[in-house]
Amino acid sequence: MLSKTEVEGLLDYDPMTGVFRWKRRMSSRAKAGSVAGTIDRDGYVVIRINGRGYKAHRLVRLLATGSWPPDQVDHINRVRSDNRAVNLRDATHLENSVNTDFSHAIGRSGVRNVTWYSQYGLWKASFMHKGKKVFVGYFEKVPQAALAVAKARRALV
């Protein structure tokens, strides 16, 4: 793993823009002063150093604290390529997963926590509570499942 000193010797970081720039020529494409890194398929900026890819948001936390983040680094505004210092914070997996866009979790039903269960040909209702999955039941219609999830959540409060 790289140290803070090694990163400082290779890269300049602008905390206002979140952009890293090479301090010296690293290759034919990575010239001194050019922007370091590329955006990967998940939307994160990755900077290759000594043949290994480092996610820029983790490098920012290394520079800020002097050590690698113990767990995950959360992009507060959910923009994975926005590596401004004010947009990053150390987080656990649970904290990071709470700060997410749930559009991917809505899926076919159009309702969060209700998914199609093809094996039974019914809508499955379940949700997470205090890190554990709570199964509510199977339903013929989405509104029934959504109502059951809402009732079950209220009962747990």
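Two strands pair if DSSP finds at least two bridges between them. The views below come from a predicted model.

**View 1. Strands β9 and β10 pair in the antiparallel sense.** Seven bridges join β9 to β10. Strand β10 covers residues 132-139. Lys124 stands opposite Tyr138 of β10. The two strands form a hairpin, with two residues between them. Lys130 sits in the turn and has a positive phi of about 50°.

**View 2. Strands β8 and β9 form a hairpin.** Strand β8 spans residues 114-117. Its pairing with β9 is antiparallel and runs over four bridges. Tyr117 has Leu122 of β9 as its bridge partner. Four residues lie between the two strands. One residue of the turn, Gly121, has a positive phi of about 70°.

**View 3. Ser126 is a buried residue of strand β9.** The strand runs over residues 122-129. Ser126 has a relative accessibility of 9%. Buried means under 20% relative accessible area, so Ser126 counts as buried. Leaving aside residues up to four places away in sequence, Ser126 touches Asn113, Lys133, Val134, Phe135, Val136 and Val149. In a regular strand the side chains alternate between the two faces of the sheet.

**View 4. Glu8 and Lys4 meet in a salt bridge within helix α1.** This is a close-up of one salt bridge; the structure holds five. Side chains of opposite charge can pair when their charged atoms come close. For Glu8 and Lys4, the N to O distance is 4.0 Å. Helix α1 covers residues 4-10. Glu8 and Lys4 are four residues apart in α1, so about one helical turn separates them. Glu8 is partly exposed, at 35% relative accessible area. Lys4 is partly exposed too, at 28%.

**View 5. Lys23 and Asp12 form a salt bridge between distant parts of the chain.** Their side chains meet at 3.8 Å, N to O. Lys23 belongs to the loop between β2 (19-22) and β3 (38-39). Asp12 lies in strand β1, residues 11-14. The two residues are eleven residues apart. Lys23 is partly exposed, with a relative accessible area of 39%. Asp12 is partly exposed, with 42%.

**View 6. A salt bridge joins Asp90 to Arg61.** The closest N and O atoms are 3.1 Å apart. Asp90 is in strand β7 (residues 88-91) and Arg61 is in helix α2 (residues 56-65), so the pair ties together parts that are 29 residues apart in sequence. Is each partner buried, or partly exposed? Asp90 is partly exposed, at 34% relative accessibility. Arg61 is buried, with a relative accessible area of 15%.

**View 7. Helix α2 is largely enclosed by the rest of the structure.** How many of the ten residues of α2 are buried? Seven are, so the helix is largely enclosed. The buried residues of α2 are Ala56, His57, Leu59, Val60, Arg61, Leu62 and Leu63. Arg61 also takes part in the salt bridge with Asp90. Just after the helix comes Gly66, with a positive phi of about 90°.

Definitions and conventions: Residues numbered from 1 in each chain as written. Predicted model: local features only at pLDDT ≥ 70, side-chain atom pairs only at ≥ 80, totals over all residues. Heavy atoms only, no water. Buried < 20%, exposed > 50% of the residue type's maximum accessible area, 1.4 Å probe, protein only. Contact = heavy atoms within 4.5 Å.
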